[in-house]
Amino acid sequence: MNRTISTDKSRETAGRLHKFNIAGQSLCALASGALWWPDQKMLTVSDLHFGKSGRILRRSGPFLPPYDTRETLARLESDIENCGANNIVCLGDSFDDIQATQDLDDSELSWIKHLQAGRQWVWIAGNHDPAPFSIGGSHLNEFCQSGLTFRHIALPTATAEVSGHYHPKYSVRLTGRRISRPCFIYDENRLILPAYGTYTGGLKSSDDALQSLFSKDARVVITGTTTHVFPLN
Amino acid sequence: MSVLPVSFTQWFDARGWAIHPHQTAMLKQANLPALLLIAPTGGGKTLAGFLPSLVEMGSDTREGLHTLYISPLKALAADIARNLSTPISEIGLPIRVEHRTGDTSATKKKRQRADPPHILLTTPESLALLLSFEDAPRMFAGLQRVVVDEIHALAENKRGDQLMLCLARLQKMCPQMRRVGLSATVEDPDAIARYLARHPDPCEIIHADPGPDPDIQMMVLDTPPPWAGGGAAYAIGAVLDEVKRHKTTLIFHNTRAQAEIFFHKLWLENSESLPIGIHHGSLAREQRERVEAAMVAGQLRAIVCTGSLDLGIDWGDVDLVIQIGAPKNVKRLVQRIGRANHRYNSPSKAILVPANRFEIIECVAALQAVKAHDLDGDPRSSGPRDVLCQHILIAACAGPFNADQLHAEVYSSGDYSALSRADFDDCLNFVATGGYALSSYDRWQRLHLTPDGFWHLRDPRLAAKIRMNIGTIQDTDLLPVRLKNRMGGKPLGEVEEYFASTLTPGDTFLIGGKVVRYDSLNEQVVQVTPNPAKKPKVAVFSGTKFSCSTQLSERILRLFQMGPWPDLPRHTADWLALQATVSKLPEPGRILVESFVDDGREYTCIYGFAGRNAMQTLGLLLTQHMETAGLHPLGFVATDYATLIWGLEPVHDPAPLFEKAVLKSVFEGWLAGNAVMKRTFKNAATIAGLIERRSIHAKKSGRQTSFSSDILYDTLCKYDPEHVMLKITREEAMKGLVDFSRIEDMLARTHGRVDHRVLDRVSPFAAPLFLEMGRVPVDGSGNERLLSAAAEQVMTQVGIG
């Protein structure tokens with residue numbers, strides 16, 4: 001396992017996207033938090049948490065602005081259109097719970113259907129949405145494509161794996177300030193995506209749960225308006 | 001009621017006390033529905049407030065609550081309980097007095113609800129919580145009087161607004177209830193009276209003899225103070241000398257961080273080991289109580305303190321107040337000075353210690369204002385609606401309510417009497433349904449309306465959650481600091497979560513006068529070990545930075561025109577003269593702008609004298625405007641009197657920057673996206689119940705932190721820009737941190753009269769600004785540039801790129 005991590009030859013550390021390789025596959029981490037795989041025309045997003053505001057309310061929490069689902073959809077639509085994606089993989093926790101799949105507003109449901117039209121669409125099961133639900137697309141526990149395995153929660157022993165679940169975020173100290181943003185983390189074996197959903201918090205990249213999954217020369221790609229690459233440690 | 005019963009007179013005689021005229025007046029007018037006493041500290045104010053209650057209960061031994069006493073400080077409630085016990089036991093009155101705060105045990109709290117004492121001493125938050133229970137009407141039945149202590153302090157913040165809404169609630173339960181307010185000297189007693197009374201009832205005001213004018217001076221040393229900073233370290237020796245010359249000294253600071261640093265340095269020079277303590281709001285309760293007890297016992301020669309001692313326990317032995325740093329506000333200065341020498345009819349003694357050169361001017365202006373009895377203050381604005389939202393939630397906890405009745409009740413609270421029914425309904429709608437333009441999740445709304453016109457909580461379990469969120473104190477996520485050991489560690493105090501996040505193990509900071517080493521963050525507790533040897537990093541505590549008041553700023557501007565300034569120390573007068581020669585002194589009706597180059601950067605310095613918050617806003621607005629104009633501003637720093645902006649391109653003609661229409665339009669566009677609005681939103685949304693306060697429990701469970709309130713703000717701005725929470729945020733920001741009204745005042749005062757000086761070097765007035773802390777980087781494309789540079793650097797370090 002002494003392969004060095006190959007970053008894009010252009011040696012850019014900032015831009016709209018960051019190109020890198022895992023298991024010989026060329027992937028792009030987008031500033032939006034989505035993963036673009038040009039060879040497969042495949043866009044992967046993780047932890048959409050549709051319907052989170054509704055679930056919080058059902059559990060007697062505060063009545064948060066119920067616009068999270070459409071905001072997430074708007075960003076997803078723009079990524080799909082900008083990339084020209086034919087294949088979409090939602091990497092689990094797409095819905096905040098199963099009730100949320102039924103509570104969708106009609107306009108939100110038809111928006112999803114509109115995005116699905118003419119595209120391959122895979123819903124990977126997550127811990128929030130473990131069972132298949134009644135919205136179209138393939139419902140799978142994991143998904144393999146050209147040597148890469150897509151699943152919700154990383155397996156410590158896996159290689160060539162793409163997952164989500166942890167909502168990683170990375171913070172940078174800048175002259176007396178600290179900027180904290182959702183991030184991708186990758187090394188030679190695996191990639192973990194940031195949460196794409198609007199109302200999602202994050203887990204610090206320094207947390208043991210994340211650190212234990214990665215080798216010492218792992219990289220983080222922070223998201224936002226542009227991507228920036230930092231070493232994980 | 002005009003006569004003091006014999007038993008009372010005998011008690012006064014036995015103590016060798018004469019009853020004060022204002023205490024008699026309070027007794028005589030005790031039957032009025034609202035009564036405000038304005039008295040200096042030490043004027044027997046508290047006894048004046050309680051005397052009518054004691055007299056009434058001396059002749060009427062009914063069970064149940066007679067008098068409710070509200071204080072902004074928990075410590076004060078406990079202290080008053082002790083103080084009242086003396087006359088009650090010595091006169092032999094059949095009166096039970098108890099206090100109730102967040103620190104009272106659950107068993108005792110429960111018992112108090114079932115069997116209330118005659119006199120209950122509590123805080124606004126504890127009262128709000130009591131009113132959220134269904135049995136509140138039973139507990140408060142028969143309540144005769146409510147005494148609001150330190151009402152001048154409560155009237156300045158949302159705790160007071162919440163209290164007044166609670167009094168309206170109480171008044172409805174107890175129509176016979178009379179209101180009494182006890183206040184320090186204020187600039188507008190009528191405003192406080194209107195605030196206290198049930199609207200539109202009148203309120204009688206009793207003025208106690210204010211006593212002689214204070215003996216107040218500015219400390220002038222051979223060593224001039226430094227050009228910038230707030231530490232006043234240069235004066236430590238002289239302050240120690242004053243402490244030695246006096247019995248007990250209170251040393252006030254404007255911020256907690258400054259108090260900590262000063263205390264640390266004071267002890268380094270305290271060769272005689274004079275007993276000196278420290279007291280501020282970020283210290284652990286145990287620490288504060290120890291200092292208070294030592295003070296009461298007369299064991300301390302001085303206390304280094306902050307606003308946490310602005311109010312509270314009467315310490316009769318204080319004979320000197322030292323104010324470190326400019327007072328910013330004349331009224332607060334006068335109230336602080338009043339803490340010295342509580343013996344009635346002898347002058348309070350105070351010394352002002354300017355922390356830097358500019359503060360000398362501010363101190364001299366403040367001295368003139370004190371002499372002229374010219375107190376400052378802002379006119380009262382209408383009651384904040386985030387507090388109203390919380391009040392509606394509390395009402396719903398107590399049981400079903402009718403909107404018309406609740407509105408009538410709210411209307412009877414002075415600051416809310418101008419609130420339109422539509423604005424009230426917006427708040428009710430927000431509490432009940434979220435108030436969103438998109439109506440989804442209807443069946444989950446928090447309150448539902450039954451056909452009889454009453455609003456009910458949908459889920460009774462909500463009540464517990466609502467109760468946990470009661471209160472308006474803005475606690476910016478604080479983390480406890482503890483000494484690390486096996487037993488869990490001694491609590492030292494609290495620091496802001498943000499500050500904790502900037503620490504790396506091995507860093508040192510000051511807390512409670514100790515230098516401690518940061519070891520780890522364990523289950524949301526900052527663990528530290530003592531580290532007396534190292535030089536501390538500065539601790540950042542929460543705590544407001546006060547803006548210099550309008551009145552004081554105007555005095556300073558007038559002072560500039562009165563050269564050659566015989567009242568000012570020579571070095572300061574020389575500095576002003578040099579500024580006049582090299583550039584120009586700012587004038588009351590004009591804006592002075594200086595431009596110069598230093599170290600390759602283009603600087604623009606604006607002397608607006610609009611107070612720190614407004615000058616900060618001005619900095620944000622102007623840099624935004626400059627960014628659009630392609631001047632590439634990089635950052636700015638603001639003080640009470642000036643904003644210094646630096647960038648890559650010079651400003652050739654500043655006058656158009658100050659056209660009201662331009663600033664206003666930039667303001668409108670800027671307001672939505674800026675950090676101040678997001679912070680204001682977070683505070684308002686927490687009070688209004690949109691965001692739950694993070695309990696310690698919630699922090700421990702769930703490793704993923706909750707998402708930022710900024711996301712909620714951005715989402716609302718995008719999808720529901722007319723939402724009531726955004727309107728409330730805007731109202732609050734305009735009043736508070738944004739302070740746009742003072743920018744408008746500045747524009748009105750100057751009418752576009754801008755003096756532009758292009759200099760070949762830094763001016764004498766601008767030089768200290770280079771040393772100011774709190775530089776604000778411009779959050780534009782520069783941010784991404786910085787991130788790129790940082791990423792390049794670390795990637796190069798690890799051998800890539």
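1. A residue is called buried here if 20 or more other C-beta atoms lie within 10 Å of its own, with C-beta atoms placed from the backbone. By that criterion, buried residues make up 48% of the 233 residues in chain A, and in chain B 47% of the 801 residues count as buried. The reader should keep in mind throughout that this is a predicted model.

2. On the overall form of chain A, the C-alpha atoms fill a box of roughly 50 × 45 × 35 Å along the principal axes. The radius of gyration of chain A is 17 Å, which agrees with the value near 17 Å that a compact globule of 233 residues would have. The secondary structure of chain A consists of five helices and 17 strands. Among contacts in this chain between residues at least 6 apart in sequence, 67% join residues at least 24 apart.

3. One sheet in chain A deserves a careful look: it is an open sheet of seven strands, in the order β2-β3-β4-β5-β6-β7-β8, and its pairing is mixed. Strands β2 (17-22) and β8 (138-140) of chain A stand at the edges, and because each has a single partner strand, one side of each is left without a neighbour in the sheet. From one strand to the next, the twist averages 25 degrees.

4. Within that sheet, strand β4 (residues 35-37) of chain A pairs with strand β5 (residues 42-45) of chain A in the antiparallel sense, over three bridges. A:L35 has A:T44 of β5(A) as its bridge partner. Helix α2 (residues 68-83) of chain A packs on the sheet, where it touches β3 (25-30), β4, β5 and β6 (87-90) of chain A, and the direction of the helix makes about 160 degrees with that of β5(A).

5. Turning to chain B, the secondary structure comes to 30 helices and 27 strands, and the C-alpha trace spans about 80 × 70 × 60 Å along its principal axes. Chain B has a radius of gyration of 28 Å, in agreement with the value near 28 Å for a compact globule of 801 residues. Of the contacts in chain B between residues at least 6 apart in sequence, 75% join residues at least 24 apart.

6. Helix α3 (residues 45-58) of chain B has 14 residues and reaches 20 Å from its first C-alpha to its last, close to the 20 Å expected at 1.5 Å a residue. There is nevertheless a kink of about 35 degrees at B:L51 in α3(B), shortly before the proline B:P52. The helix is mostly covered, since 11 of its 14 residues are buried; among them are B:F50, B:L51 and B:P52, along with B:K45 and B:M57.

7. A smaller region to inspect in chain B is an open sheet formed by three strands in the order β14-β16-β15, with antiparallel pairing. Strands β14 (401-402) and β15 (447-449) of chain B are at the edges, each with a single partner strand, so one side of each is left without a neighbour in the sheet. β15(B) pairs with strand β16 (residues 454-457) of chain B over three bridges, in the antiparallel sense, and B:L449 has B:W455 in β16(B) as its bridge partner. Helix α16 (residues 385-398) of chain B lies across β14, β15 and β16 of chain B, and runs at about 85 degrees to β16(B).

8. B:D459 is found in the loop between β16 and α19 (462-468) of chain B. This residue counts as partly exposed because it has 13 C-beta neighbours inside 10 Å, while the partly exposed class lies between 12 or fewer for exposed and 20 or more for buried. B:D459 and B:D710 are 251 residues apart in sequence, and their C-alpha atoms are 28 Å apart in space.

9. B:V330 belongs to helix α14 (residues 330-337) of chain B, and it is buried because 25 other C-beta atoms lie within 10 Å. Leaving aside residues up to four places away in sequence, B:V330 touches B:A366, B:A369, B:V370, B:D374, B:L375, B:D376, B:S549, B:Q551 and B:L552. B:V330 and B:V794, by contrast, are 464 residues apart in sequence and 51 Å apart in space, C-alpha to C-alpha.

How values were computed: Residues numbered from 1 in each chain as written. Chains lettered and ligands numbered in written order. Predicted model: local features only at pLDDT ≥ 70, side-chain atom pairs only at ≥ 80, totals over all residues. Pairing = 2+ DSSP bridges. Helix = DSSP H or I, 4+ residues; strand = E, 2+ residues; numbered from the N terminus. Contact = placed C-beta atoms within 7 Å. Axes fitted to C-alpha atoms, helices over the stretch in contact; angles between N-to-C directions. Rg over C-alpha atoms; globule rule 2.2 N^0.38 Å. Expected span 1.5 Å × (residues − 1). Bend = angle between axes of the 7 residues up to and from the residue.
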